Amino acid sequence: MPAPLAAGRPPRRAGRLAALGRVDRRWIFLLVGASVALPLLRPLHLPIGTSREARAYHAEVERLQPGDEMIFSFDYEPDTMAELDPMSLATLRHAFSRGVRVIALTNYAGGPGIALRILGQAASEHERQYGRDYVFLGYNPDYSATMLRMGESIRSTFPTDHFGTPSAELPLLREVDRYADIELLVTVTASALAEYWVIWAGGRFGQRIVAGNTAIQAVLIYPYYQTGQLAGFLGGLKGAAEYERLIGRDGAGVRGMDAQSVAHLLIVCFIVLGNIGYFAQRRSARAAGDAARDGEA
Amino acid sequence: MKRTGPVLLGFVIGMLMLVQHFTPDRWIAERYNNILDWKQVVFGLTLILGVVSLFLYHWRRIARREEGWRYSLLTVGGLAFMIGAAILFTPSRGPYPWMFEHVQAPMQSTLFALLAFYVASASYRAFRARNLHAALLLSAGVIVMLGRVPLGEAIGLNHISTWILDYPNLAAKRGVMIGVGLGMTATAIKIILGIERTYLGRGA
């Protein structure tokens with residue numbers, strides 16, 4: 001019969017392992033900071049594959065012909081810029097390089113600043129002219145009414161562009177006025193707006209739609225992709241990196257992939273360590289309880 | 001009348017929005033567009049209401065010198081500055097876009113980036129395989145997290161991750177969506193028929 005453990009004293013090894021579940025959170029913060037910063041400073045150049053969703057998104061833009069029109073909706077604010085800016089920029093670069101004309105807007109009050117910066121950068125790189133090759137309609141309150149109303153008339157929904165120019169005076173908007181005139185709608189969003197575009201612009205008007213989403217949101221729009229209501233989508237920074245690879249122009253998405261890989265791995269390590277600590281703690285607590293009961297007996 | 005009027009209005013507007021889906025009638029299409037325009041106007045007014053409410057709330061805190069009133073002062077100051085800058089210089093030029101680019105955008109991005117630290121800390125503390133369900137959830141989370149980055153792709157986890165997203169995730173999400181859709185339809189019918197009146201306020 002094995003000798004009973006001393007009352008209240010857990011096994012030494014289990015006690016050591018239990019300490020893994022009590023790491024000070026400042027160490028965690030420090031390691032997370034390092035796991036993001038170091039790969040950005042010294043890239044690992046991990047290979048980046050492309051998902052079928054990203055390939056479908058790319059194919060939708062690729063099939064557009066010079067002179068075709070695209071609606072591009074910047075449906076996010078600065079909080080998710082780091083994740084979504086790369087896919088917005090890559091998409092606009094791709095569209096402008098193919099001679100596609102872009103009608104941009106935003107459904108967020110904080111969106112115009114982002115839209116102006118990215119549109120300006122992509123347009124100047126490809127020498128696109130405002131009014132003829134692209135327009136920015138700005139922010140319109142109430143996204144549901146905006147999405148539905150644009151199916152009837154874009155000029156009525158946005159009587160002026162972001163700068164106050166009457167829409168009817170913009171050469172691009174003289175030629176197109178509703179979804180029926182638009183080949184593709186792109187929404188880049190951190191919220192459920194991709195779903196609303198699908199319901200109101202896609203369901204009611206048959207508009208072809210692709211979406212760029214944050215990684216969290218991407219999981220929620222899989223059903224729309226499977227049914228074909230979304231023709232393609234990009235999920236998170238990884239989606240942006242895949243798209244950058246597909247258009248052959250690396251940007252912030254590809255640069256961020258190493259950091260994201262290491263950070264994800266670190267979080268998984270923390271989860272594993274936390275669980276080892278948890279089980280060791282449980283084991284030692286059980287052993288201590290058994291020993292105490294044996295002592296009482 | 002105080003109760004009947006809004007219920008009747010809800011019925012007429014609700015029926016109009018329902019019927020317009022099924023008819024190409026021009027008159028109904030025009031009324032539908034009118035309603036959409038009004039919806040935008042009402043939404044715009046709620047934004048103004050929000051700004052006024054925010055201002056009054058913080059103004060009261062400043063006037064009473066409540067704890068943290070200096071933060072309220074900063075909020076009111078920021079609000080007044082941005083409104084003033086937009087009116088005086090337009091939102092496209094001058095201090096308004098500058099403040100957006102150099103103050104609002106970095107602050108919002110920073111706050112969001114802090115999530116990475118808290119997610120890491122929270123997953124370390126709370127993500128425990130306490131029972132079979134928790135263990136399954138944990139395994140799925142780990143596989144999807146690794147499968148969505150190049151490191152996971154290198155060891156083939158992306159295929160398992162895609163399977164999880166395509167089948168278990170899709171089934172659950174679709175079930176939730178159908179449930180929500182049925183709930184929304186039922187609530188809409190109840191509002192149109194005047195059965196659901198909580199939107200009229202207490203005592204309706």
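This is a short selection-by-selection tour of a predicted model with chains A and B.

**Stop 1: the domains of chain A**

Start by colouring chain A by domain. Domain 1 takes in 12–42 + 258–296, and domain 2 is 52–250. Put a centroid on the C-alpha atoms of each one, and you should find 43 Å between domain 1 of chain A and domain 2 of chain A.

**Stop 2: strand E4 of chain A**

Now select residues 184–189 of chain A, which form strand E4. How many of the residues of E4(A) are buried? The count is 6 of 6, so call the strand mostly covered, given that a residue is buried once 20 or more other C-beta atoms lie within 10 Å of its own.

Show the side chains and look at which way they go. A:Leu184, A:Val186 and A:Val188 point one way, while A:Leu185, A:Thr187 and A:Thr189 point the other way. Both sets are buried.

Next, bring in the partners of this strand. Select 69–75 of chain A for strand E1, which runs parallel to E4(A) and is joined to it by 6 bridges. To pick out a pair, click A:Ser73, whose bridge partner in E4(A) is A:Thr187. Then add strand E5, residues 209–213 of chain A, also parallel to E4(A), with 5 bridges between the two. Here A:Val186 has A:Val210 as its bridge partner in E5(A).

Keep E4(A) and E5(A) on screen and add helix H9, residues 193–205 of chain A. Together they make a right-handed β-α-β unit.

**Stop 3: a loop proline in chain A**

Go to A:Pro159, in the loop between helix H7 (154–157) and helix H8 (171–175) of chain A. Buried or exposed? A:Pro159 counts as exposed, because there are 10 C-beta neighbours inside 10 Å. Setting aside neighbours within four places in sequence, A:Pro159 is in contact with A:Pro166 and A:Ser167. For a distance label, try A:Leu137: 22 residues from A:Pro159 in sequence, and 8.9 Å away in space, C-alpha to C-alpha.

**Stop 4: the domains of chain B**

Switch to chain B and colour 1–89 as domain 1 and 127–204 as domain 2. The C-alpha centres of these two domains of chain B are 31 Å apart. Across the boundary, 7 residues of domain 1 of chain B are in contact with 6 residues of domain 2 of chain B. On the domain 1 side, that breaks down into 4 nonpolar, 2 polar and 1 charged.

**Stop 5: helix H2 of chain B**

Select helix H2 (26–63) of chain B. Draw a line between its end C-alpha atoms and you get 55 Å, which agrees with the 56 Å that 38 residues should span at 1.5 Å a residue.

H2(B) is hardly covered, with 3 buried residues among its 38. Which residues of H2(B) are buried? They are B:Tyr32, B:Leu36 and B:His58. Light up what these buried residues pack against: helix H6 (143–152) of chain A, along with helix H1 (4–19) and helix H3 (69–89) of chain B. Before moving on, click B:Arg65, just after H2(B), where phi is positive at about 50°.

**Stop 6: where chain B meets chain A**

Show both chains and select the residues in contact between them: 45 of chain B against 47 of chain A. On the chain B side, the elements giving two or more residues are helix H2 (26–63), helix H4 (95–126), H5, H6 and H7. Which of them gives the largest share? That would be H4(B), with 16 residues. Colour the chain B side by class and you will see 26 nonpolar, 11 polar and 8 charged residues.

Zoom in on B:Ala120, which is found in helix H4 of chain B. B:Ala120 is buried because 23 other C-beta atoms lie within 10 Å. Leaving out residues up to four places away in sequence, B:Ala120 touches A:Ile28, A:Val32, A:Leu266, A:Ile267 and A:Phe270.

**Stop 7: helix H5 of chain B**

Finish on helix H5, residues 132–147 of chain B. This helix has 16 residues and reaches 22 Å from first C-alpha to last, close to the 22 Å expected. Its buried residues are B:Val142, B:Val144, B:Met145, B:Leu146 and B:Gly147. To see what covers them, show elements including helix H13 (252–296) of chain A, plus helix H6 (150–154) and helix H7 (157–192) of chain B.

Note on methods. Residues are numbered from 1 along each chain as its sequence is written. Chains are lettered from A and ligands numbered from 1 in the order in which they are written. This is a predicted model: local features need pLDDT of at least 70, side-chain atom pairs count only at pLDDT 80 or more; totals for chains, interfaces and linings use all residues. Domain bounds come from an automatic or database domain assignment. Helices (H or I, at least four residues) and strands (E, at least two) are DSSP runs, numbered from the N terminus. The expected span of a helix is 1.5 Å times one less than its number of residues. A residue is buried if 20 or more other C-beta atoms lie within 10 Å of its own, exposed if 12 or fewer, and partly exposed in between; C-beta atoms are placed from the backbone. Two residues are in contact if their C-beta atoms, placed from the backbone, lie within 7 Å. Ala, Val, Leu, Ile, Met, Phe, Trp, Tyr, Cys and Pro count as nonpolar, Asp, Glu, Lys and Arg as charged, and the others, Gly among them, as polar. Two strands pair if DSSP finds at least two bridges between them. A crossover is right-handed if, with the strands pointing away from the viewer, the path from the first strand over the helix to the second runs clockwise.
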